[in-house]
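The report below describes selected features of the structure shown here, beginning with charged side chains and ending with the overall make-up of one chain.

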Amino acid sequence: MRWAVAILFLAQALGIAGCTEPARKPRAAYLLIDAARLRSTPAQEVLNYFLSAIQPGESLGIACLGMGNFSDRDTIVSVSLDVRPSLAMQQKRFLKKKFDEFTPSPRSVGHLDIAGALLYAVAHLGETHAEERYVLILANLGKEQIPEPVKEFPLQMEGCRVISITVENGEPAVRQQATALKRLDAWEEWVETGGGEWQVVNDLALLATIFPGS
Amino acid sequence: MSHRDLFIIWPGSPLLSVLLWIGVAVAFLYLARFPAHRAIISFSRMIYGALRLASRSTLLMERKVAARTREVMINAGVEERERALEREFQRIADTATSDLSGYPALQQSLVEQSRKIDEEYRNSTLLPPPPPGWVRAVEVLAKLPAEGDALVAPILTHIHKTVESQYQTAMTDYNRAVSERQAILKKIMPYWRKVSEILDEMGNRIKRLEERAKLVDISMAEYQEIRSQSDQAVRALTASSLTRFFTAAAFLFIALGGAVLNFHLIALPMSEMVGGSSYIGSFRSSSVAALVIIFVEFAMGLCLMEFLGITRLFPSLGQLDDKMRRRLATAAFLILTILAGVEASLAYVGEQLAGELQFFQQSLANNQGTQPVRTWIPVTGQMVIALVLPFALTFGAIPLESLVKTGRSVLGITAAAALRWAAFSLRALGHLFLHLGRLGVQFYDLLIVPPLWVEGLVRYRCRRAEGFLEEQVPQ
């Protein structure tokens, strides 16, 4: 009799457990946005997507890529969300507010320090102890003004996924030019040499598959 | 030299070689005919025997399972009827206690009414004073001739008048006395009515007891039938088990739906209590916590039903004394109420969170966002559902008990039916192999038709020659 009740309890547990979500590894993301695109529509869309997709207990950081060497001053905001949904919601609002209020410092000389920003982002993501780490770059890496990475000094990027978003006003910015593709290949090789994963996204709808929400 | 060339008997003519090979093969098959027949028949008989054995074993197993199921069903039926009888006797005891406890008072009332009726009747039987004896004298005087004596006539007239006056007075008294008797008899009427009501009430109570007694008789007859283990009783129990099993399963399915709804109501807000990012195994902690709450509620519901004596899943709980059971039932009910309250609060938090999330999504979409308009209807609805569902799930214990109790019988019936079909299939398969063996023998002979034909011809001729000789001998 008791075993039958136990079996029925188990069946009920399995029935209800079937309604629950599968386990998800803790995630952390860092957005590196070109200062020139900070207020662009793709940047807003990417940020909005991440704000709605990120879950309590996960981390999100945003930094602005200005001219010159990357430093702490370029960090807009970085937050590890609380595990309680209500507090996490407040933190998301704070994050959005900080982003909206941010004004990039005027620096007219130099170039975009993508490598430095990546170094910073990877280090920051490492501190979160997240199992899945994402770095998103909203900058045109195919531009000639951006220096190519130094192959001799690869970054340690194990478990890190670097995603280059090459969307500008809804259209692919990287023209199918041989040089631009070559430069992107160089970045890919550099990231993969460091143990990371490289991906180029031309369509923002793909973000839902890369960084799924709830 | 290739492998194909090995089979060429007649170089340059493959067709002839093939025909020669066929001839060789037919000759070989003809020579090996009887051993081959025996081999085919033996093989088919072996498979037939094995399958028949398996079929018999399966049938034996089916009989054992059926006997065991029958035993289980009879035991369950006996237990159930005993329980029904016990309840019926309890009801009779309650009826006797509640109805017949007032019997002495009724009897007292009846005696009192009888006494009053008797008294009043006696009062009514007091006769009015009889008419005086001189009535006859008056009649005699009235018959005397009045015109005989002038002196006597006035006297007689006077006497007559006096007597008539007395007579009128007497009659008036008599009529009054009769009226008084009638009035007294009229006063007895309510007492009679009261007596009639009391007797009717007593009759109704006795009738109710009789009805209960009839139910007990029916239950007792069923009980005796089950105890006698008759086929009719087993058939009735089988049908009853199947019906109750499927009904209970349907009810439990509904209860499971309720549990799932309950889970969805509290799973999200539970993350406010235990966090929304931790996992236990492959499940979110908040989901596991919500699941645990639902399980605790269901367990409390089961215990409550057990302590109230509605279900009897755990005999050890039923053996507790009544006082302890009442206490434990109260405790279970309190825990259930607290959990229901917690669920209602969680439902409120969940609605708040959903509103916040909606507002945030809107603010992301249009970059400013407006405060969501919140109405009390969904919040109240969710809270009421969260409050009521734990108590509603408590009643799931009743179909659960039914499912558990009939499950064993249904399982046995299903297993017996499956075994019966398996036995039948095995036997049929065995026969199929046996006939296939016979068919194989016939097919074998079909392959060696030419030598068989020759053999038949030779035998025919031999027999004919022998017959000819036999015919010659008598001559």
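Glu80(B) is partly exposed, since its relative accessible area is 33%, and in this predicted model its side chain meets that of Arg244(B) in a salt bridge with an N to O distance of 2.9 Å. Glu80(B) belongs to helix H3 (residues 33–100) of chain B and Arg244(B) to helix H7 (residues 231–274) of chain B, so the salt bridge ties together parts that lie 164 residues apart in sequence. Arg244(B), with a relative accessibility of 29%, likewise counts as partly exposed. The two residues do not stand alone, for Glu80(B), Arg81(B), Glu222(B) and Arg244(B) are linked in a network of salt bridges. In general, side chains of opposite charge can pair when their charged atoms come close.

Over all chains, the structure holds 21 salt bridges. Among them is one between Glu58(A) and Arg27(A), whose closest N and O atoms are 2.9 Å apart. This pair links distant parts of the chain, given that Glu58(A) sits in the loop between helix H2 (41–53) and E2 of chain A while Arg27(A) sits in strand E1 of chain A, 31 residues apart. Are these two residues buried or exposed? Glu58(A) has a relative accessibility of 5% and therefore counts as buried, the cut-off being under 20%; Arg27(A), at 2%, also counts as buried.

A further salt bridge is formed by Arg459(B) and Glu455(B), with 3.2 Å between the closest N and O atoms. Because Arg459(B) and Glu455(B) are 4 residues apart in helix H13 (residues 449–472) of chain B, about one helical turn separates them. Here the two partners fall into separate classes of accessibility: Arg459(B) is partly exposed at 47%, whereas Glu455(B) is buried at 16%.

The three pairs described above are listed in the table.

| Salt bridge | N to O distance |
|---|---|
| Glu80(B) and Arg244(B) | 2.9 Å |
| Glu58(A) and Arg27(A) | 2.9 Å |
| Arg459(B) and Glu455(B) | 3.2 Å |

Strand E1, which holds Arg27(A), is also part of a sheet in chain A. In this open sheet, 6 strands follow one another in the order E3-E2-E1-E4-E5-E8, and their pairing is mixed. Strand E3 (75–80) and strand E8 (197–201) of chain A form the edges, each of them pairing on one side only. On average, and with direction ignored, neighbouring strands of the sheet are turned by 15° against each other.

Within the sheet, strand E1 (residues 27–34) and strand E4 (residues 132–138) of chain A run parallel and are joined by 7 bridges. Which residue of E4(A) is the bridge partner of Tyr30(A)? That partner is Val135(A). Helix H4 (residues 114–128) of chain A packs on the sheet, where it touches E1, strand E2 (59–65), E3, E4 and strand E5 (160–165) of chain A, and the direction of the helix makes about 160° with that of E1(A). Helix H5 (residues 178–193) of chain A packs on the sheet as well, touching E5 and E8 of chain A, with a direction that makes about 150° with that of E8(A).

Between E5 and strand E6 (167–168) of chain A runs a loop that contains Thr166(A). Thr166(A) has a relative accessibility of 2% and so counts as buried, and its side chain is joined to that of Asn202(A) by a polar contact of 2.5 Å.

In chain B, Phe298(B) offers another case of a buried residue, with a relative accessible area of 6%, and is found in helix H8 (residues 285–307) of chain B. Phe298(B) and Gly396(B) are 98 residues apart in sequence, yet the distance between them in space, C-alpha to C-alpha, is 8.2 Å.

Taken as a whole, chain A has 6 helices and 8 strands, and from the N terminus on its elements run α-β-α-β-β-α-α-β-β-β-β-α-β-α. Of its 214 residues, 49% count as buried, and the chain exposes about 10,300 Å², of which carbon and sulfur atoms supply 54%. Among the contacts in chain A with a separation of 6 or more, 80% are accounted for by residues 24 or more positions apart.

How values were computed
Residues numbered from 1 in each chain as written. Chains lettered and ligands numbered in written order. Predicted model: local features only at pLDDT ≥ 70, side-chain atom pairs only at ≥ 80, totals over all residues. Heavy atoms only, no water. Pairing = 2+ DSSP bridges. Helix = DSSP H or I, 4+ residues; strand = E, 2+ residues; numbered from the N terminus. Axes fitted to C-alpha atoms, helices over the stretch in contact; angles between N-to-C directions. Contact = heavy atoms within 4.5 Å. Buried < 20%, exposed > 50% of the residue type's maximum accessible area, 1.4 Å probe, protein only. Areas by Shrake-Rupley, 256 points an atom, 1.4 Å probe, with all protein chains shown as cover. Polar contact = N/O pair within 3.5 Å; in protein donor to acceptor, adjacent residues only side chain to side chain. Salt bridge = Lys/Arg side-chain N within 4 Å of Asp/Glu carboxyl O.
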